[in-house]
Amino acid sequence: MSVYAPSEPSPPRLRKVKIVVSGAFGTGKTTLVSAVTEVRPLLTEAVMTQASEGIDVLAGVESKTTTTVAMDFGRITLPTGDPEHGIVLMLFGTPGQNRFSNIWDDLSYRAAGAVVLVDTRRLEDAFDVVAYFEAQKLPFLVAVNLFDHAPRYLLDEVRDALRLEASVPVIACDVRDRQSVLDALTDLVRHALFRLPASPIVTPGARP
């Protein structure tokens, strides 16, 4: 008779999936990551100074005083209904400014999909972000952040304005609300995992 017995239950099998949270300057990326992460978020917010005057366009977000200068990071485990198998989303928030586009390349490496946040007060700012992920051929969805006092449009109107393909999901999301963010991430995972032949899995020590 074997006397061996594990000291603790075997850990559940967790599939780790890298997700990019992107969008133009001031669309709520840092707030989204902070609202949902189950670990202390890694944020690289810096106070905006006179050095950014004439570079960062503040129209529509005049009250904004900080900006992400590298990335945000958080982690959330999606419930799957199976305690032995879960999906852990590793959330990487990008800087919003185009001058940090080289960081976008690094953060998108081996990502499974992206959430592109848009602000209906500045929809035109989303064109470059959408074009980036289309060029990367990375599955993404567009999430309309429900800012207070921002114009409300039908989601199909947003799709038309951004000239999105019919296959790109467009949803509404309040990035301050944890459940709303969870719903958005779940929609993205469904969209992304069924489009990719083999979804990338982030392994410890792998390049982010």
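Tutor: Two strands count as paired if DSSP finds at least two bridges between them. Please keep in mind that the model discussed here is predicted.

Student: In which sense do strands β7 and β8 pair?

Tutor: Strand β7 spans residues 140-145, and strand β8 spans residues 170-173. DSSP needs at least two bridges for a pair, and these strands have four. The sense of their pairing is parallel.

Student: Which residue in β8 stands opposite A143?

Tutor: The pairing of β7 with β8 extends over four bridges. Opposite A143, in β8, stands I171.

Student: Is the β-α-β crossover from β7 to β8 right-handed or left-handed?

Tutor: After β7, the chain passes through helix α4, residues 155-162, before it arrives at β8. The handedness of this β-α-β crossover is right-handed.

Student: In β5, which residue is the bridge partner of F73?

Tutor: Strand β4, residues 72-78, pairs with β5 in the antiparallel sense over seven bridges. Strand β5 covers residues 85-93, and eight of its nine residues are buried. The bridge partner of F73 in β5 is F92.

Student: How far from K29 is the nearest side chain of opposite charge?

Tutor: K29 belongs to helix α1, residues 29-36, and is buried. Its contacts beyond four places in sequence include V21, T94, L117 and D72. A salt bridge requires a side-chain nitrogen of Lys or Arg within 4 Å of a carboxyl oxygen of Asp or Glu, and K29 has none. The nearest side chain of opposite charge, that of D72, lies at a distance of 7.1 Å.

Student: Why is D119 classed as buried?

Tutor: D119 is located in the loop between β6 (113-118) and α3 (126-136). A residue is buried if its relative accessible area is under 20%. D119 is therefore classed as buried, because its relative accessible area is 1%.

Student: How far apart in space are D119 and L146, C-alpha to C-alpha?

Tutor: Along the sequence, 27 residues separate D119 and L146. In space, their C-alpha to C-alpha distance is 7.7 Å.

Student: Among contacts between residues at least 6 apart in sequence, what percentage joins residues at least 24 apart?

Tutor: The protein has five helices and eight strands, arranged along the sequence as β-α-β-β-β-β-α-β-α-β-α-β-α. Of its 208 residues, 46% are buried. Among contacts between residues at least 6 apart in sequence, the portion joining residues at least 24 apart is 74%.

Conventions: Residues are numbered from 1 along each chain as its sequence is written. This is a predicted model: local features need pLDDT of at least 70, side-chain atom pairs count only at pLDDT 80 or more; totals for chains, interfaces and linings use all residues. Side-chain values use heavy atoms; hydrogens and water are left out. Helices (H or I, at least four residues) and strands (E, at least two) are DSSP runs, numbered from the N terminus. A crossover is right-handed if, with the strands pointing away from the viewer, the path from the first strand over the helix to the second runs clockwise. Buried means under 20% relative accessible area, exposed over 50%, partly exposed in between (1.4 Å probe, protein chains only). Lys and Arg count as positive and Asp and Glu as negative; His and the chain ends are not counted. Contact means heavy atoms within 4.5 Å.
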